[in-house]
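What follows is a walk through one protein model, taken strand by strand and then through its aromatic rings and its enclosed spaces. Please keep the structure open while reading.

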Amino acid sequence: MNRGTLTTGVVVIGAGLAGLTAAYELRARGVDVLVLESADRPGGRMSSDRAHGFVVDRGAQFVSTGYERLMPLLRRLGLADELVPTSTRAGFVRDGEIVTVSPANPATFVTAGLLPAGAALRAGAGFARTGPRLRRRALHDLAQWQDLDTRSGDGWSRAVFGDVFTDRVMDAMVSGFYFQNVAGNSAALPAILTGFTARRAATMALRRGLGAVTEALAERAPLFLETPALEVREAGGGVEVATPDRTIAAGAAVVATPGPAAARLLPGSPDSDLLSTPYSSTILVALRYGPGWRSRRLDGVYGVLVPVTELRTVAAVGVESGKARALVPEGELLNVMLSESAASRLRDAGDDTVIEHTLDELAALVPEARSQVTGATVHRWSAALPWTPVGQAARVAAYRESVAAAAPRVILAGDYLGLPFTDSVVHTGQWAAAQALRLVSPRTG
């Protein structure tokens, strides 16, 4: 049943981090905003579940002190005091075993057996040559990396750091963080990861989970849940958005969904190349363990990364007590993220089957993984994170230039317009809000 038409300044489609950031920035400048979300909760891939005292980050896992857009936003939201540093130790899988290193102490890569001394020296020389230059660049803005957008990330990493470091460390980070490989991305992605390292950025978590960020943003915007947008069209100097039970008329629309959803909503868009950005997929299996559970292999680490050469099912394991003790009231919580190939293979499998497959491989790395399991949940992300293929920075820059020139009423935001981490997502939401402000007037009185 159509309930008529609502009118607002800007309608934002998608209540993930990009859309909620855009709405927050627009409302802060006096613009009337409505946010539409097809799911029954806000947050999307930056949301947290809380059950049995445990906090499970369902998608995004960490915050970096090197983030230039998210950290100020946390302060504005009153969440900066909830930031806690994670453990400084991380695990990497090497020949089927977990080895523990401290990224802040490069010597541990050698003493732990992850890298031979010669390979470590080769990588260190490459870092000394490139790191200082990269750390000064905007690490959240893909459009500013066009000079590294014309070559493969794999070729760049091997030229800078050598083959061994690329295979055992760089590919492990890209695989574990993004469920991808270096070869499928442009040089911009590994270069930006190098820039974060050069900034000596610390890894942080939030005591209530990263979902606290999108929850705080959602509290500050009128939000319609379980309200999918069916059609978006420019009409009469504005836009109209059709939903199942009403039409929303606005001065502008920000489409802040993952690329595949935006492509379905905007068929025939002149930005089809950008909207067709490929995404990796994953399945996250959160395993809860009873009091007293402990694994020597995981002691003191905040996570374990698996390089592409070692991949079968598990791409990464988040050790939540090492991430933030507040997330784990007792025992342990392991956030196990599956590789893209495993997610594809298990796409139609039931949750019990996914959990069993996960435990089978996890037990090969952590034999204790099958003992004292008190519960498990499964979260599936068919569009987990966008790849950064060769040419993506140029495509993003061209899109922004076209918006600046033509001032369209429908504006895109989201991770595929930047990089696959939260700071860049915030930037796309802020950019979209700035473009919408050119088209609508703030409230008066």
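The model is a predicted one. In it, strand β7 (residues 89-94) runs parallel to β15, and 3 bridges join the two. Within this pairing, Arg-89 stands opposite Val-301 in β15. β15 has another partner in strand β16 (residues 314-319), to which 3 bridges connect it, here in the antiparallel sense. Leu-305 and Ala-316 of β16 face each other in that pairing. Strands of a sheet pair through backbone hydrogen bonds, and the pairing may be parallel or antiparallel.

How many of the residues of β15 are buried? The count is 5 of the 5, so β15 is largely enclosed by the rest of the structure. Tyr-302 illustrates this: its relative accessibility is 14%, and because buried means under 20%, Tyr-302 counts as buried.

Tyr-302 also leads to the aromatic residues. Across the whole structure, a search finds 10 aromatic pairs. One of them is formed by Phe-62 and Tyr-302, whose ring centres are 5.3 Å apart. The planes of these two rings stand at 70°, so the pair is edge-to-face, given that angles over 60 degrees count as such. The two partners come from distant parts of the chain, 240 residues apart: Phe-62 is in the loop between β4 (54-57) and β5 (63-64), whereas Tyr-302 is in strand β15 (residues 301-305). Phe-62 has a relative accessibility of 23% and therefore counts as partly exposed.

Another edge-to-face pair consists of Trp-156 and Phe-161, with 5.8 Å from centre to centre and 80° between the planes. Are these rings buried or exposed? Trp-156 is buried, at a relative accessible area of 5%, and Phe-161 is buried as well, at 3%. Elsewhere, Tyr-67, Phe-196 and Phe-421 form one aromatic cluster.

The loop that holds Phe-62 lies between β4 and β5, and β5 belongs to an open sheet. This sheet has 3 strands in the order β5-β9-β6, with antiparallel pairing. β5 and β6 (83-85) stand at its edges, and because each has a single partner strand, one side of each is left without a neighbour in the sheet. Between β5 and strand β9 (residues 203-206) there are 2 bridges, and the two strands run antiparallel. Val-63 stands opposite Met-204 of β9 there.

Next comes strand β1 (residues 5-13). It runs parallel to strand β13 (residues 247-255), with 8 bridges between them. In this pairing, Thr-247 of β13 is the bridge partner of Thr-5. β1 also pairs with strand β2 (residues 33-36), again in the parallel sense, over 4 bridges. Here Ile-13 stands opposite Leu-36 in β2. How does the chain get from β1 to β2? Helix α1 (residues 17-28) joins β1 and β2 in a right-handed β-α-β unit.

The remaining stops are the open and enclosed spaces. The second largest pocket has a volume of about 270 Å³. Its lining has 16 residues, and Ser-269, Pro-270, Asp-271, Pro-408 and Val-410 are those nearest the centre. Which elements supply at least two residues of this lining? They are β11 (231-235), α14 (392-406) and β19 (410-412). Of the elements, α14 gives the largest share, 4 residues. By class, the pocket lining divides into 11 nonpolar, 3 polar and 2 charged residues.

α14 takes part in an enclosed space too. The structure holds 1 cavity of 30 Å³ or more, and about 50 Å³ of space lies in the largest cavity. α14 and α15 (422-437) are the elements that give two or more residues to the lining of this cavity. The most comes from α15, with 3 residues. The residues that line the largest cavity are Tyr-399, Arg-400, Leu-412, Leu-417, His-427, Thr-428 and Trp-431. Sorted by class, they are 4 nonpolar, 2 polar and 1 charged.

Definitions and conventions. Residues are numbered from 1 along each chain as its sequence is written. This is a predicted model: local features need pLDDT of at least 70, side-chain atom pairs count only at pLDDT 80 or more; totals for chains, interfaces and linings use all residues. Side-chain values use heavy atoms; hydrogens and water are left out. Two strands pair if DSSP finds at least two bridges between them. A crossover is right-handed if, with the strands pointing away from the viewer, the path from the first strand over the helix to the second runs clockwise. On a 1 Å grid over the protein atoms alone, a cavity is a set of points where a 1.4 Å probe fits but cannot get out, and a pocket is an open set with protein on both sides within 12 Å along at least five of seven lines; lining residues have an atom within 4 Å of a point. Grid points are joined across faces, edges and corners, and a volume is the space filled by probe spheres set on the points. Ala, Val, Leu, Ile, Met, Phe, Trp, Tyr, Cys and Pro count as nonpolar, Asp, Glu, Lys and Arg as charged, and the others, Gly among them, as polar. Rings of Phe, Tyr and Trp (its six-membered ring) pair if their centres lie within 6.5 Å; planes under 30 degrees apart count as stacked, over 60 as edge-to-face and the rest as tilted. Buried means under 20% relative accessible area, exposed over 50%, partly exposed in between (1.4 Å probe, protein chains only).
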